[in-house]
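The report below takes up one region of the protein after another and should be read with the model open alongside.

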Amino acid sequence: GGQPSQAPASAVARPPAKPAVFIPVNRSPEVQEERLKLPILAEEQVIMEAVAGHPVVIVCGETGSGKTTQVPQFLYEAGYSSDNSIIGITEPRRVAAVAMSQRVAKEMNLSQRVVSYQIRYEGNVTEETRIKFMTDGVLLKEIQKDFLLLRYKVVLIDEAHERSVYTDILIGLLSRIVSLRAKRHLPLKLVIMSATLRVEDFTQNQRLFAQPPPVIKVESRQFPVTVHFNKRTPLEDYSGECFRKVCKIHRMLPPGGILVFLTGQAEVHALCRRLRRAFPHARRRPPEKEDQEDSVEETRKFKKSRTRARKAQAATLPQISLDSYSVLPAGEGDEDREAEMDEEEEGLGSDLDLDLGDGEADAGAQLDASLPLHVLPLYSLLAPEKQAQVFQPPPEGTRLCVVATNVAETSLTIPGIKYVVDCGKVKRRHYDRVTGVSSFRVSWVSQASADQRAGRAGRTEPGHCYRLYSSAVFGDFEQFPPPEITRRPVEDLILQMKSLNIEKVVNFPFPTPPSVEALIAAEELLVALGALQAPPKTERVKELQRSRLSCPITALGRTMAAFPVAPRYAKMLALSRQHGCLPYAITVVAAMTVRELFEELDRPAASDDELARLKGKRARVAQMKRVWAGQGASLQLGDIMVLLGAVGACEYSGCSPQFCEANGLRDKAMLEIRRLRGQLTTAVNTVCPEAGLFVDPKMQPPSESQVTCLRQIVVAGLGDHLARRVQSEDLSDDKWKNAYKTPLLDEPVFIHPSSVLFRELPEFVVYQEIVETTKMYMKGVSAVEVQWIPALLPSYCQFDKPLEEPPPAYCPERGRVLCHRASVFYRVGWPLPAVQV
Ligand code: ADP
Ligand code: MG
C-alpha cells in the first residue's frame with residue numbers, strides 16, 4: 001500500500017453543498033484498481049449531491065455494482081463520520097454484516113476498530129468506530145434506547161428490496177426520526193439501497209415520505225446470461241438433479257465457477273459431500289471417528305443428580321404467581337432482537353442424505369475427474385472464516401463450486417461465477433392463519449428472485465444459468481415475493497413498537513401495512529399475555545376496533561420486549577424467576593425455538609439394512625423419551641420435560657455427536673440450543689442483574705416442585721393453545737375418539753404419536769404447534785390442571801361476575817385456585833368444573 005489515495009475525478013469537483021471535510025483514505029493500488037471497475041464509482045458525485053440535498057435518497061443497483069462496499073466509503077470521505085459520529089449500515093443477514101465490515105475495512109486500509117460490525121450479542125465496535133455494519137434488529141434496539149439516533153449523521157438501509165419486516169419497520173421509524181432531527185437542526189440522512197428497481201412502496205407512499213425521495217439508478221455492467229430451462233416438469237428430487245447438472249457442467253463446459261442454489265443448510269452439506277466424493281480433492285481428509293460413548297450412562301448420571309437435587313429442594317412450594325414478574329425491572333435490554341433472516345438454517349432439516357438409495361453417488365466417479373472440483377458450502381450460520389473462503393480464488397488447477405442457500409442471491413457477490421444452477425426453490429417460514437403456528441416450507445421462488453440468481457453468472461463474463469424447472473413453471477411464479485410483513489403474524493413487531501411508545505400502530509407509516517386482522521390478532525394475543533393493557537369495554541364495534549389497536553404497553557410487556565424471543569416465550573421467561581426456574585425456562589424456550597430436536601426417523605428406508613436400523617433407532621428414541629419424561633409431575637410436563645431431559649443428558653455427555661447419534665438427536669440442533677441458552681442467559685442478566693445467572697451448560701435437574709412451576713409457566717405462555725379432550729357424551733362419531741377440541745379449529749386434533757402423552761390423554765393440554773399430516777396432530781404437548789386455568793389464563797375465561805381484580809393466586813396448602821366465583825368458563829364457552837374456595 002503506502003500510496004496516497006487517488007480520488008476519482010468526481011471526488012475532486014465536489015459542490016459546496018456537502019460537508020466541507022474531506023477525509024483521505026489510503027487504499028492500496030490493487031484495491032483502487034478494482035474499485036474503479038465498479039459501476040457505482042461513476043455515480044459517486046450524483047449520489048453525494050443527492051444525499052447533500054435531500055434527507056432521504058434511494059440507490060438502486062444490480063447486485064455486485066458496489067452499493068454495500070462503496071457508498072459507506074463515499075460518505076466517510078465526505079466527512080459524514082466527523083464529530084465523533086458514526087455511519088450506520090443495516091443488513092438483514094448477520095453473514096452480510098460481518099463479511100461486509102471486513103471487506104470495507106480491508107479496502108480502506110483501516111482496522112476493524114474503525115470499520116466494525118455488531119450482530120446479536122457479538123461485534124467488534126469500539127470508541128474509534130466510524131463505519132458500523134449491523135443487523136436491522138440491532139438498529140431497532142438502538143432506537144429503543146435513543147430514539148433520535150444522535151450518534152449517527154447518516155443511516156444506510158441495505159437490501160431494502162428483501163423487504164424483511166425489520167427493514168420495513170426501520171424505514172417507517174426512520175422517516176419519523178429524519179423529520180424530528182430536521183426540526184432540531186441536527187439533520188439525519190437516510191439512504192435506502194435496493195438491488196431491484198421496485199421501490200414504489202417507498203416512493204409512492206405519502207404517509208411514509210411526503211416528498212418522494214430521489215431514486216438513483218446505478219447502471220451495471222452485467223454480461224449476458226443465457227438461461228436454460230429444463231424441458232421436463234420439475235423433479236421432486238431437485239438436489240439429485242443439481243448433482244447431475246454440476247457433474248455435467250464440470251465435465252463438459254469450459255472453466256468458470258459454478259454456483260448452486262439450494263434451500264437449506266442440510267441440503268447444502270449433503271450436496272457438498274456428494275460432489276467431493278465424486279471429484280475428490282487431494283487436500284481433504286475425512287474427520288476421524290471418536291469412540292462410541294454410552295448414552296445410557298450419561299442419562300444415568302443425569303438422573304442420579306436429579307434425585308439429589310429433588311431431595312434438596314423438596315421444601316419448595318410448587319406454585320407460581322402471575323404477579324411476580326414485577327421483580328424484573330422494565331426492559332432496558334442491551335441485546336437486540338435479530339431479524340429472523342436465517343430462516344433457512346432453522347428448517348426442519350431432516351438431514352436428507354442424498355447418497356441414500358438413488359445409486360447416483362457413484363456416477364461422478366465415472367466422470368472425467370481430471371480437473372478437481374473445489375467445493376465450498378455457503379449459508380448464513382457458517383463460521384465466518386469458512387464463509388471468507390468463497391471470496392478466495394480456488395487452488396490452482398481446480399474449478400470453484402459454491403453450494404449456497406439464498407444468501408448468495410443478493411447479499412454476497414462471489415467472484416468468478418460463470419454457471420448458476422438454480423433449483424428454483426426457497427425455504428420460507430410459512431404461517432398458518434388458523435393456528436398461527438409457523439413451519440418452514442420449501443416453495444417456488446419469485447420471478448424476480450430467479451432472475452437475481454441468474455444474474456450471479458454474468459458478473460465477470462457472459463455466463464449460463466441452468467434452471468431445474470420448465471419455462472411454463474417459471475411463468476406461473478409470482479412476480480415478486482410479497483413483503484414479509486404481509487405473510488406473518490406481527491405480535492413480536494407490535495410488542496417492539498409498543499415498547500417504542502408507538503401506541504396507535506394503525507397509524508404507523510409501514511411501507512406495506514399488515515392487514516388489520518393481523519394487527520388485531522396481535523394485539524389480542526399481547527393483551528391476553530398481559531403485555532398490553534386491555535382496552536376499555538365498549539359496545540360500539542368501530543370504537544372497539546380503534547381502542548383495540550391502541551392499547552398501551554404494560555411493565556410486563558416492556559420486560560418481555562427485552563427478550564429476543566417471540567412474546568409467548570418471552571412471557572414464560574418473565575415469569576420464571578420464581579422458584580429458581582429461570583435456567584429451566586431458558587432451556588425450554590431455547591429448545592422450543594430451535595424445533596425438531598429429534599432426527600426424522602419416519603423417512604423411507606433405502607434398503608433392508610437401513611430399515612432395520614431405523615426401526616431399532618425409533619424404538620430406542622421412544623424409550624429414551626420415556627426415560628427423560630419420568631413419572632408424576634415431570635410426565636405431566638410431557639414433551640417439554642422430554643426437551644429438558646434431552647438437553648440435560650446431552651450436556652452431561654458434552655454434547656457429543658455420538659450421544660446425539662445414538663439417541664436420535666440432531667447434534668446441530670443441540671449446539672444451537674446451547675448457543676441460544678447462552679444468549680438468553682445474557683438477556684436475562686441484562687434485564688434483571690439481580691438474577692445473577694451464569695451460563696452453565698450442565699444444569700442440575702429440576703426438583704419436583706420446580707417441574708410443577710414449569711408446567712404452570714408453560715401454560716401461562718401457551719394459553720391460546722389450550723385443547724380439551726372431547727368428553728365421552730360428545731362422541732357422536734368415531735372420528736372424535738381420543739380427539740381434542742381447540743378453540744379455533746372445528747376439526748378434531750390429536751396428540752401426536754411421538755408425544756410421551758400419547759397414551760396418557762390428559763383432559764386439558766397446551767400444545768406448541770399443530771401439524772397436519774393424515775390428521776391434525778398436536779406436538780409439544782403438556783398437561784394442564786383444570787384449576788390453573790382461571791388463575792393463569794384469566795383473560796381467556798369468562799367469570800360469572802365481572803372481575804374487579806385478577807383472580808387470586810393459589811392456595812399453597814392445597815395447590816388449588818382460590819376462586820370465590822362458582823364457575824368459570826373458558827372463553828369459547830367450555831364449562832369448567834366449579835372451583836370452590
Ligand atoms: P452490491 O452491494 O451492489 O451488491 P458489493 O458492494 O457487495 O455490491 O460488491 C462490490 C464488489 O466487491 C463485487 O464485485 C464483489 O465481488 C466485490 N467483493 C465484495 N466483497 C468481497 C470480498 N470479501 N472479497 C472480494 N471481493 C469482494
Ligand atoms: Mg450489497
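## Val260 and the nonpolar core

In this predicted model, Val260 is in contact with Cys242, Val246, Leu271, Val403, Ala404 and Val421, once its neighbours within four places in sequence are left aside. Val260 is also one of the residues with the most contacts inside the largest nonpolar core, a group that further includes Ala404, Ala585, Val589, Val765 and Met778. That core has 214 residues. In soluble globular proteins, nonpolar side chains tend to be buried together.

## The six-stranded sheet

An open sheet of six strands, paired in parallel, follows the order β9-β16-β13-β10-β12-β11. Its edges are β9 (225-229) and β11 (373-378), and because each of these has a single partner strand, one side of each is left without a neighbour in the sheet. From one strand to the next, the twist averages 20 degrees.

Within this sheet, strand β10 (residues 257-261) runs parallel to strand β13 (residues 417-422), to which it is joined by five bridges, and Phe261 has Asp422 in β13 as its bridge partner. Helix α10 (residues 265-278) packs on the sheet, where it touches β10, β11 and β12 (399-404), and its direction makes about 170 degrees with that of β11. Helix α15 (residues 447-455) also packs on the sheet, touching β9, β10, β13 and β16 (463-467), with a direction that makes about 150 degrees with that of β13.

## The eight-stranded sheet

Eight strands form another open sheet, in the order β4-β3-β5-β2-β6-β7-β1-β8, and here the pairing is mixed. The edge positions are taken by β4 (122-123) and β8 (215-218); each has a single partner strand, so one side of each is left without a neighbour in the sheet. Helix α7 (residues 165-183) lies across β1 (56-61), β2, β6 (152-157) and β7 (189-194), and runs at about 150 degrees to β6.

Strand β6 contains Leu156, which counts as buried because 25 other C-beta atoms lie within 10 Å, where the cut-off is 20 or more. When residues up to four places away in sequence are not counted, Leu156 touches Val71, Pro72, Gly88, Ile89, Val191 and Met193. The C-alpha atoms of Leu156 and Val56 are separated by 9.9 Å, although these residues are 100 residues apart along the chain.

## Strand β5 and its partners

Strand β5 (residues 131-135) is mostly covered, with five of its five residues buried. The cover extends to both faces, since Ile131, Phe133 and Thr135 on one side are buried, as are Lys132 and Met134 on the other.

Strand β2 (residues 86-91) runs parallel to β5 and is joined to it by five bridges; Ile87 has Ile131 as its bridge partner in β5, while Thr90 stands opposite Met134. Strand β3 (residues 115-119) likewise runs parallel to β5, with four bridges joining the two, and Tyr117 of the chain stands opposite Phe133 in β5.

## The surroundings of ligand 1

Around ligand 1 there are 15 residues, of which Lys67, Thr68, Thr69, Phe391 and Thr413 come nearest. By residue class, the shell divides into four nonpolar, nine polar and two charged residues. Helices α4 (67-77) and α5 (94-108) each supply at least two residues of this shell, and the largest share, four residues, comes from α4.

## Gly645 in helix α25

Gly645 is found in helix α25 (residues 639-652). With 26 other C-beta atoms within 10 Å, Gly645 is buried, the cut-off again being 20 or more. Not counting residues up to four places away in sequence, Gly645 touches Trp628 and Ala629. The C-alpha atoms of Gly645 and Trp628 are separated by 4.8 Å, while the two residues are 17 residues apart along the chain.

## The chain as a whole

The chain has 29 helices and 25 strands, and buried residues make up 48% of its 837 residues. Among contacts between residues at least 6 apart in sequence, 75% join residues at least 24 apart.

Key
Residues are numbered from 1 along each chain as its sequence is written. Chains are lettered from A and ligands numbered from 1 in the order in which they are written. This is a predicted model: local features need pLDDT of at least 70, side-chain atom pairs count only at pLDDT 80 or more; totals for chains, interfaces and linings use all residues. A residue is near a molecule or strand if its C-beta atom, placed from the backbone, lies within 6 Å of it. Ala, Val, Leu, Ile, Met, Phe, Trp, Tyr, Cys and Pro count as nonpolar, Asp, Glu, Lys and Arg as charged, and the others, Gly among them, as polar. A residue is buried if 20 or more other C-beta atoms lie within 10 Å of its own, exposed if 12 or fewer, and partly exposed in between; C-beta atoms are placed from the backbone. Two strands pair if DSSP finds at least two bridges between them. A nonpolar core is a set of buried Ala, Val, Leu, Ile, Met, Phe, Trp, Tyr and Cys residues joined through C-beta atoms within 7 Å. Two residues are in contact if their C-beta atoms, placed from the backbone, lie within 7 Å. Axes are lines fitted to C-alpha atoms, for helices over the stretch in contact, and angles run from 0 to 180 degrees between N-to-C directions.
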